[in-house]
Amino acid sequence: MVQVNLSRNILSANDLLAQKNRELFASNGNLVINMMSSPGSGKTTILEKTLGKIKSQMVVGVIEGDLYTDQDACRLKQPDVSVIQINTEGGCHLDAKMVEKAYQDIIQNDQNDINIVFIENVGNLVCPAEFDLGEDKRVVVLSVAEGNDKPLKYPLVFRQADAVLVNKIDLLPYTDFNMEKFRQDLIQLNPGVRVFEMSARTGKGIEKWCQWLREEFEKKQG
Amino acid sequence: MHELTLIDNVLNMVRINAENSNISRVSKIKLVVGQLSMAVPESLQFAFDTIKGDDMFARSILEIEEVAIQCRCTDCGKQFVLDHAYHFCCPKCQGRSIDIVSGRELYVDYYEGDEY
């Protein structure tokens, strides 16, 4: 009987590819944002509004992840933005290999150098947290209709977030969402996280979030 | 978190290594699973028993070592085990700058087997 020591990460294959992605994005000077949330939090609507504000200053690409349909890619499609739809056909998260392929399609399509790439992950607060895609920033979107108790229920994704977007604040009067408790729980889990309250529907709060994106892009160039 | 995929990864990883190491039968695989990872030990065990098959892993057992979420305060150096409420706050100095020392593990530690 022999014992063989491996000490190998079960997700090592994905981690290796993610690191390669990271190096590729850096060599092209891209800021890459991985957006994660439950289904229906408003990621796509936030991206619609975000693209409207930043595409005149930065060249944007979007990688859309869904189980099925290209509905989100169609919503975001516009002449000056490259959008690639990934259909996982049952997979509940994007992985580094899928993102690498989609990214190659974006840089092939786009005549100009891409500045910022948004990855809209599959709607799921559990598995995407475990799969490194090579991104620079992890952004979690939560809408007030989902309740303020989510950070402690989904600690990993909220712990890893660089920014949390609290969306649909126009609905606050109609929900029991406790913003103070939400921020308390989130800060106890992730003291350094940035929080942006917004309504993608009305546009409120979108500019502050876009300003953060511009700053992060400038930092990446430095 | 899809334990079937994780176990599939584990079996592939061990199979390739075992074949390269002249090992015909694997008797044990030891995993280390941190409590902050999204993998559930009971589900990993179930997945293993379900898909291990009847060749190299037919008589294998899966051993899982769970690792608690150990933290360290970067302000005062205090090490502590994270409570179930995920209070990333130092119990000694109330500092909020906390490093996660352990708890995110999800790896194959070792396996045991018989050579040809």
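So, helix 2 of chain B and what sits under it. In this predicted model, the buried residues of that helix pack against three elements of chain B: helix 1 (3-20), strand 1 (23-34) and strand 2 (61-67). Which residues are we talking about? Helix 2 covers residues 41-51, and its buried ones are Pro41(B), Leu44(B), Ala47(B) and Phe48(B). They span an arc of only 120° around the axis, so they end up on the same side of helix 2 of chain B.

Now flip to the other side of helix 2 of chain B. There you'll find Glu42(B) and Phe46(B), and those two are exposed. And if you follow the chain past helix 2 of chain B, you get to Gly53(B), with a positive phi, near 80°.

How does the helix lie relative to those strands? Helix 2 of chain B goes across strand 1 and strand 2 of chain B, and it runs at about 165° to strand 2 of chain B. As for the strands themselves, strand 1 and strand 2 of chain B pair in the parallel sense, over 7 bridges. To pick out a bridge, Ile29(B) has Leu62(B), in strand 2 of chain B, as its partner.

Okay, zooming out to the sheet. It's an open one, 4 strands in the order 1(A)-6(B)-1(B)-2(B), with mixed pairing. So what's at the edges? Strand 1 (2-9) of chain A and strand 2 of chain B, each pairing on one side only. From one strand to the next, the twist averages 20°.

Terms used. Residues are numbered from 1 along each chain as its sequence is written. Chains are lettered from A and ligands numbered from 1 in the order in which they are written. This is a predicted model: local features need pLDDT of at least 70, side-chain atom pairs count only at pLDDT 80 or more; totals for chains, interfaces and linings use all residues. Side-chain values use heavy atoms; hydrogens and water are left out. Buried means under 20% relative accessible area, exposed over 50%, partly exposed in between (1.4 Å probe, protein chains only). The arc is that of the directions from the helix axis to the C-beta atoms. Contact means heavy atoms within 4.5 Å. Two strands pair if DSSP finds at least two bridges between them. Axes are lines fitted to C-alpha atoms, for helices over the stretch in contact, and angles run from 0 to 180 degrees between N-to-C directions.
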